[in-house]
Amino acid sequence: MNRREFVKNAAVVSAGTIALSHSHIFAAGNQKMKVALVGCGGRGKGALENFIEAAKHVNVETEIVGLADFFESRTDEAVEKFGVSKDLCVWGSESYKEIMKTDADVVLLVTPPNFRPVHFEAAIRAGKHVFMEKPVAVDPPGARKIMEIGEIAKQKGLAVVAGTQRRHQLECLQTKSAIDKGAIGPIRGGAVYWCGGALWYKDRNPGEDDASYMVRNWVSFAEMSGDHIVEQHVHNLDVANWFIGRPPEMAIGFGGRARRKTGNQFDSFSIDFDYGDGVHVHSMCRQINGTYSRVSEFFTGTDGATWGSGPGKKKGEGFARQVDVADVPYVGSPYVQEHVDLLKGILENKPLNEAKQVATSTLTGIMGRISAYTGELVRWKDLTENEQSAWYNLTLKPAALDFENGTVTAPPDDIAPVPGKA
Ligand SMILES: NC(=O)c1ccc[n+]([C@@H]2O[C@H](COP(=O)([O-])OP(=O)(O)OC[C@H]3O[C@@H](n4cnc5c(N)ncnc54)[C@H](O)[C@@H]3O)[C@@H](O)[C@H]2O)c1
């Protein structure tokens, strides 16, 4: 039996059995959860490891039933790391389709973000519970697709957990609880930061086609990553949306490119997010070596101020660790806790569904990026409601399906958007 046949045969037992098996797992306890991975890169292998560790915390056995990647060599790395058979592997731009035919209970979606809406839709339509890494889209239609499919997941009783981390991180949960209990009064403003060094980049190999180059060098192209205000800074924007309790109404900002050589991303962004009611959050993110680093969130309330994962200060009082904190069960790592919470939700038939919140925070980053690229003021409703807006249907190309259809044309290297003209 070749790999393809194996995966197809495995699929025969999946149809219609998933909902049943979940209640069975819960009733019997100590059962097996089958898992498959799409995107066997650094974070993909990490997420699978985290899933396996998390399963031990909830007394569930795991079995890897599929590994997919664009490149065979990346699946080989996963085979070696997890000590499984190469027969479980599929590769290529449509390998995710084979994964959805397996009897996996849970699918981990960890490719570059431009593929997420298509892969998420396939997973939910196939009846899989999903863990998906952040961000979940690169453009407004992609973010709205995640919201739409998230609703279908809800109707089907499927769990959806996102890798935004901080909503599963003890210190952030404590701070959020303290704010909710009035520790600093209502939030009146804040600042969120991902200022750090450069990430990796890849040069084009001799004779390499555009699709392969863009997949290997995805953190350089906005079409693949959303740019780093979306790809990396989404973590901090997500905290702002979570703590304030709503997305921003509009964004105005700027950014630029100074040191990058490949792709078309900016090196820095500075955005004023207006949350309405006089609440503004300044977002700044930068990827330049040798500059000041700060990765955190800060909020000012009517009665004090606090860092997202750090101490708070009430007016007239000294610094204190979080006040009046919730008793949050925590396994010591947000990367593992995400999967513990995913699995617990499945086992208890109370599936978490984080599709809307991660799509909202992804779209917040996209809104900031559009304001910086164009130099315009961008409204939330232009991306979510106003179909007449030029940005409502903004679709970055090449899009996910271009990789399946063989119609990828890479944008030129080192030509970035020019505000006022973009
Ligand atoms: N939460 C976190 O702390 C965190 C950290 C790192 C990365 N991430 C996120 O995880 C995702 C992956 O990042 P990474 O660092 O693992 O990148 P990576 O380049 O190491 O891995 C991505 C993998 O996906 C594969 N791939 C690309 N397109 C594919 C397709 N269409 N089908 C199947 N496989 C495909 C690539 O070949 C590669 O092996 C990104 O969304 C990134 O933002 C999150």
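**Exercise 1. Work out how α12 and α14 pack.**

The crossing of α12 and α14 is right-handed (the near helix is turned clockwise from the far one by less than a right angle; anticlockwise would be left-handed). Before going on, note that this is a predicted model, where local features need pLDDT of at least 70, side-chain atom pairs count only at pLDDT 80 or more, and totals for chains, interfaces and linings use all residues. Residues are numbered from 1 along each chain as its sequence is written.

- Step 1: find the helices. α12 covers residues 234-244 and α14 covers residues 355-374. Such elements are DSSP runs numbered from the N terminus (helices are H or I, at least four residues; strands are E, at least two).
- Step 2: get the geometry. The angle is about 115°, and the axes are 9 Å apart. Axes here are lines fitted to C-alpha atoms, for helices over the stretch in contact, and angles run from 0 to 180 degrees between N-to-C directions.
- Step 3: name the arrangement. α12 and α14 are therefore roughly perpendicular to each other (65 to 115 degrees; under 35 is roughly parallel, over 145 roughly antiparallel, and the rest oblique).
- Step 4: list the contact. Val234, Leu237, Asp238 and Asn241 of α12 meet Thr360, Ser361, Thr362, Thr364 and Gly365 of α14 (in contact means C-beta atoms, placed from the backbone, within 7 Å).
- Step 5: sort by class. You get 2 nonpolar, 6 polar and 1 charged residues. Ala, Val, Leu, Ile, Met, Phe, Trp, Tyr, Cys and Pro count as nonpolar, Asp, Glu, Lys and Arg as charged, and the others, Gly among them, as polar.

**Exercise 2. Do the same for α6 and α7.**

- Step 1: α6 (residues 116-125) and α7 (residues 140-156) pack at about 15°, with axes 9 Å apart.
- Step 2: that makes α6 roughly parallel to α7, and their crossing is left-handed.
- Step 3: α6 brings Pro117, Phe120, Glu121 and Ile124 to the contact, while α7 brings Gly142, Lys145, Ile146, Ile149, Ile152, Ala153 and Lys156.
- Step 4: by class, that contact has 7 nonpolar, 1 polar and 3 charged residues.

**Exercise 3. Place α7 in the domain contact.**

- Step 1: the domain assignment gives domain 1 (3-166) and domain 2 (170-329 + 355-405); such bounds come from an automatic or database assignment.
- Step 2: their contact takes 28 residues from domain 1 and 37 residues from domain 2.
- Step 3: on the domain 1 side, the elements giving two or more residues are α7 and β6 (160-162). The largest share, 9 residues, comes from α7.
- Step 4: the domain 1 side divides into 18 nonpolar, 5 polar and 5 charged residues.

**Exercise 4. Follow α3 from α13 to the ligand.**

- Step 1: the axes of α3 and α13 (residues 334-347) come within 8 Å and cross at roughly 55°. α3 and α13 are therefore oblique to each other, with a right-handed crossing.
- Step 2: from α3, Gly46, Asn50, Phe51, Glu53, Ala54, Ala55 and His57 meet Tyr335, Val336, His339, Val340 and Leu343 in α13.
- Step 3: turn to the ligand, which 27 residues surround; the closest are Gly39, Gly41, Arg43, Phe70 and Glu133 (near means a C-beta atom, placed from the backbone, within 6 Å).
- Step 4: α3 (42-57), β2 (61-69) and α5 (95-100) each supply at least two residues of this shell, and α3 gives the most, with 3 residues.
- Step 5: the shell divides into 12 nonpolar, 9 polar and 6 charged residues, and both domain 1 and domain 2 supply at least three residues each.

Note on methods. Contact = placed C-beta atoms within 7 Å.
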